[in-house]
Amino acid sequence: MTNGNPYDLPPTPQHPDDLGFTPSDDERNLAVIAHLSGMAGILVGGLVGFLGPLIIYLMKKDSSVYIESQAKEALNFQITLLLISVGCVALVVVSCGFLFPLVFVPMILQFVFAIIAALAVRNGEHYRYPFNIRFLK
């Protein structure tokens, strides 16, 4: 309470690092799954990588700030990769297949950054992808 107003509450933390606690093993495991589930999406066809982080986000958004933030970050990354994939395919089509190797760029980005993110959240860190359109904040 400040200024005697009972409705003037302190701001709620928006970032898991601001909470001052270490995430539990279960929270870290679900965060790892959220980041790695995009790789499973590649194996199924590449366009469903966002489903894993979305499911984890919807299940745990009200119970864990850490899981919520990491699932949102992974979901935003999957949507960003989907847009990059569409752009790469469009460039391949426009170039009549000459730029075909561009199709592999989103897959490589997925594998590299998902592993980096999984290792970071396994240690309880808050991971943010270096290039990510943050649709969910």
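**Entry 1: F100 and its patch**

I began with F100, which is partly exposed at a relative accessible area of 44%. (Buried means under 20% relative accessible area, exposed over 50%, and partly exposed in between, with a 1.4 Å probe and protein chains only.) A note to self: this is a predicted model, where local features need pLDDT of at least 70, side-chain atom pairs count only at pLDDT 80 or more, and totals for chains, interfaces and linings use all residues. Residues are numbered from 1 along each chain as its sequence is written, and side-chain values use heavy atoms, with hydrogens and water left out.

I found F100 in the loop between α3 (65-94) and α4 (105-122). (Helices are DSSP runs of H or I with at least four residues, numbered from the N terminus.) F100 helps make a nonpolar surface patch of about 600 Å², together with F104, M107, I108, F111, V112 and I116. (Patch residues have over 30% relative accessible area and no salt bridge, and nonpolar side chains are joined within 5 Å; a salt bridge is a side-chain nitrogen of Lys or Arg within 4 Å of a carboxyl oxygen of Asp or Glu. Areas come from the Shrake-Rupley method with a 1.4 Å probe.)

**Entry 2: C96**

I then looked at C96, also found in the loop between α3 and α4. C96 has a positive phi of about 60 degrees although it is not a glycine. C96 is exposed, with a relative accessible area of 73%.

**Entry 3: helix α1**

I followed α1 over residues 25-44: its 20 residues reach 28 Å from first C-alpha to last, close to the 28 Å expected at 1.5 Å a residue. (The expected span is 1.5 Å times one less than the number of residues.) I noted a kink of about 30 degrees in α1, centred on H35. (The bend is the angle between axes fitted to the seven residues ending there and the seven starting there.)

Buried residues of α1 include R28, A31, H35, G38, M39 and I42. Their cover includes α2 (51-60), α3 and α4.

**Entry 4: two glutamines**

Which residues does Q110 touch? I found Q110 in α4, buried at a relative accessible area of 2%. Not counting residues up to four places away in sequence, Q110 touches H35, G38, M39, I42, F77, Q78 and L81. (Contact means heavy atoms within 4.5 Å.)

Q78 sits in α3 and is buried too, at 8% relative accessibility. With the sequence neighbours up to four places away set aside, Q78 touches G38, G49, F50, P53 and Q110.

Key:
Patches are made of residues with over 30% relative accessible area and no salt bridge: like charges are joined within 9 Å, nonpolar side chains (Val, Leu, Ile, Met, Phe, Trp, Tyr) within 5 Å. Helices (H or I, at least four residues) and strands (E, at least two) are DSSP runs, numbered from the N terminus.
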